[in-house]
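Trainee: I have a model open and some labels to check. Can we go through them?
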Amino acid sequence: MKSLWRGYLNTSLIMKITVALVLGIAVGVIFGKDASVLTPLGDILIRLLKFLIIPLILFTLMVGVNQTSVNKLGRMGGKTFLYYLFSSALAIMVGIAVASIFKPGTGMTLDTTEKFKVPENPGVTSVLLNIIPDNIVTAFTDMNLLGVIFTAIVFGIAISYLRSSADYHELGEHVYKVVNGLNEATLSIMKVVLQYVPIGIFAIMANTVGNQGLDTLVSLGNMILVLYIALFVQLAIYMIALAGFKISPGKFFAQARTPMVTAFVTQSSSGTLPLTLNAAKNLGLPKSLYGFSLPLGATINMDGAAIRIAVSAVFAANVVGNPLSLTDMMVVVLVGTLASIGTAGVPGAGIIMIATVFAQLGLPMETVALLTAIDALVGMGCTALNVTGDLVGTSIIDKTEKDDKQAPSLSYIP
């Protein structure tokens, strides 16, 4: 028994996850809805990952702020936000382009008996207001990541001030050591949680496949296929971007694949955040950057969801026999980008985004009801791309920071 356990620990994490995926699919296909008996094992994984989110963001970012200057932090923050805005818009354009070529939904008939109540979209204004929590405790309990980021930055800067102060230097150093120790303790807990990830992924995959079944996949196969083609196109763009900034795609994906697969199975950018932060650490990215950019990306940057919005809009327009005009496509890019920023990275958020865009374009909500049938199947790929986009952006921003640092000074003229 000990040798079996030792062998499990010594096996690479990605190998264990791959085996878990295959076994989960097999069990789901064989046992169907009876595979739901494994649901508690998957719920444990989700709970463990969410359990780590707050301490990881809080301590990692507080330590990171103390390893850089406030000016540099502000510069990196500006770059991060601009990158996320650009990548979301680009993803929507990719989705529209691919869907316009393959024309999903053409020839399908709409079942008007299907009704769908549009969920409330929190909106961009609400997201911006949530950056400053009116109560620190509720920011933590409500999993308000933007509020937690704000809190961590403010307290991190305060600790940095104490450390640089002549009167409070010793006190500041003590506080920093405590925070740094708590950060290392959190990372130690995460190493243990990582060993449970394959078990949780096996359970979630079996339950998902068992409940979705193959009938849904076949009936809306064209829509699913087009969406995944668009996701792979965006992934190819990531690889080109990495290579363009002289970042090895091979080394990048060697670390990114674990959070990618976990996001694929759990369908939660926020829930996968502990693994994404761990991947950034393994990539050698600075805490001061990834401690800020990745939690922010899990909240507002959703390239996969943006592609889903675009493909779904083209699909719905084709189903009702009224293909999108160029003006409609521009509306999709604008509204879709804002919708992707204003919706949280949790399972089911994609449907809220789609409903928002459909309402703006006047597309029938019955098509949203149709798309809910494949919510899990398309949400898996979209969430994996969301997480990948966050890591790609963080890697590129770090590269620009290093290039700026290495650039020769022009202040001296001989």
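Mentor: We take a helix, a buried residue and the nonpolar cores in turn.

Mentor: This is a predicted model, so local features need pLDDT of at least 70, side-chain atom pairs count only at pLDDT 80 or more, and totals for chains, interfaces and linings use all residues. Residues are numbered from 1 along each chain as its sequence is written, and side-chain values use heavy atoms, with hydrogens and water left out.

Trainee: How do you know that the span of helix α10 agrees with its 24 residues?
Mentor: Expected span is 1.5 Å times one less than the number of residues. For residues 221-244 that gives 34 Å; the end C-alpha atoms are 35 Å apart, which agrees. After α10 comes K246, with a positive phi near 60°.

Trainee: Why does T186 count as buried?
Mentor: Buried means under 20% relative accessible area (1.4 Å probe, protein chains only). T186 is at 5%, so it counts as buried. T186 sits in helix α8, residues 169-194.

Trainee: What is T186 in contact with, leaving aside neighbours within four places in sequence?
Mentor: Contact means heavy atoms within 4.5 Å. The partners of T186 are L52, P55, L56 and F59. Its side chain also reaches the backbone oxygen of L182 at 2.8 Å.

Trainee: What makes a set of residues a nonpolar core?
Mentor: Its members are buried Ala, Val, Leu, Ile, Met, Phe, Trp, Tyr and Cys residues, joined through side-chain atoms within 4.5 Å. The largest one here has 114 residues; I149, L227 and V311 are among those touching the most other members. Helix α3 (residues 39-65) gives the largest share, 13 residues. A second, separate core has 5 residues, including V27 and A206.

How values were computed: Helix = DSSP H or I, 4+ residues; strand = E, 2+ residues; numbered from the N terminus. Buried < 20%, exposed > 50% of the residue type's maximum accessible area, 1.4 Å probe, protein only. Polar contact = N/O pair within 3.5 Å; in protein donor to acceptor, adjacent residues only side chain to side chain.
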